[in-house]
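Please examine the sequence and the model shown here. The explanation below is intended to be read with both in view.

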Amino acid sequence: MGLNLFLVPFIVIFLFFPMTYSEDGVVKQALVRFMDQLAVGNPQRNAWYWGWNLASDPCTSIWQGVTCSDEGYVKVIVLHESSLSGTIDFASLCKAKSLQILSLNRNSLHGFISKDIGACKSLTHLYLSENNFSGDLPSSLGGLENLHWLHVANNKFTGELPNMVHVPGLISLLAENNKFSV
Ligand SMILES: *[C@@H]1O[C@H](CO)[C@@H](O)[C@H](O)[C@H]1NC(C)=O
């Protein structure tokens, strides 16, 4: 009985001051790593340049291009036409489990889209058009069940388009001007 009374203040605190959420340190580190690799061709514009750094918070500070959910998770990254010239580190990026919109159209990004993109389960919009991406699109792209918009036009992608049969909500697929085999 005494023990129960002892717990009351803690229960009250828990009820009236619920945890405020935000991306944890691991996610922040991963996002900064992702951003640093977008600046490979232009080291002056590293993650710090864009406001992305471990000393701040992606949701309460200004991280260029980032919008968060009300709960404090990274939901949107929009960096189109931003003169970015590196590669996308999807293994790092997809640590941000709430990411829904990634817009990187019209940069000079290159390299492959790694199968790690399959971990970006919340993605609804993926815009990678007008870059210099190459290689085959990974089949894990076809496992992104929430994807509605997939734009990969005007790159140097090869191989076959992945099977999108498990992506019933796909509304818009732009893939022209690549080197896909038909
Ligand atoms: C793609 O790469 C080629 C050759 O390296 C370069 O000339 C071209 O400007 C690049 N295009 C973009 C959009 O980055």
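The paragraphs that follow treat the sheet, then one loop residue, and then the disulfides. The structure is a predicted model, and the values quoted are computed from that model.

The sheet provides a suitable starting point. Six strands form an open sheet with mixed pairing, arranged in the order S1-S2-S3-S5-S7-S9. Because strand S1 (66–68) and strand S9 (172–174) each have a single partner strand, these two stand at the edges, and one side of each has no neighbour in the sheet. On average, neighbouring strands of this sheet are turned by 15° against each other, direction ignored.

Within this sheet, strand S2 (residues 74–78) and strand S3 (residues 101–103) run parallel and are joined by three bridges. Along this pairing, Val76 of the protein is placed opposite Ile101 in S3.

The loop that precedes the edge strand S1 also deserves attention. Ser56 is located in the loop between helix H2 (25–37) and S1. Is this serine buried or exposed? Ser56 has a relative accessible area of 14%, and buried means under 20%, so Ser56 is classed as buried. The side chain of Ser56 makes a polar contact of 2.9 Å with the side chain of Trp63. When residues up to four places away in sequence are not counted, Ser56 touches Lys28, Gly51, Ser61 and Trp63.

The covalent cross-links come next. How many disulfides does a search of the whole structure find? The search finds two, and with the bonded cysteines counted along the chain, their pattern is 1-2, 3-4.

One disulfide links Cys59 with Cys68, with an S to S distance of 1.9 Å. This link is left-handed, with -80° about the S-S bond. Cys59 has a relative accessibility of 25% and therefore counts as partly exposed.

The other pair is Cys94 and Cys120, whose sulfur atoms lie 2.1 Å apart in a disulfide. The torsion about their S-S bond is about -95°, so this disulfide is left-handed. Cys94 lies in the loop between helix H3 (90–93) and S3, while Cys120 lies in the loop between strand S4 (110–111) and strand S5 (125–127), so the pair ties together parts that are 26 residues apart in sequence. Cys94 is buried, with a relative accessible area of 2%. Cys120 is likewise buried, at a relative accessible area of 2%.

Definitions and conventions:
Residues numbered from 1 in each chain as written. Predicted model: local features only at pLDDT ≥ 70, side-chain atom pairs only at ≥ 80, totals over all residues. Heavy atoms only, no water. Pairing = 2+ DSSP bridges. Helix = DSSP H or I, 4+ residues; strand = E, 2+ residues; numbered from the N terminus. Axes fitted to C-alpha atoms, helices over the stretch in contact; angles between N-to-C directions. Buried < 20%, exposed > 50% of the residue type's maximum accessible area, 1.4 Å probe, protein only. Polar contact = N/O pair within 3.5 Å; in protein donor to acceptor, adjacent residues only side chain to side chain. Contact = heavy atoms within 4.5 Å. Disulfide = S-S within 2.5 Å.
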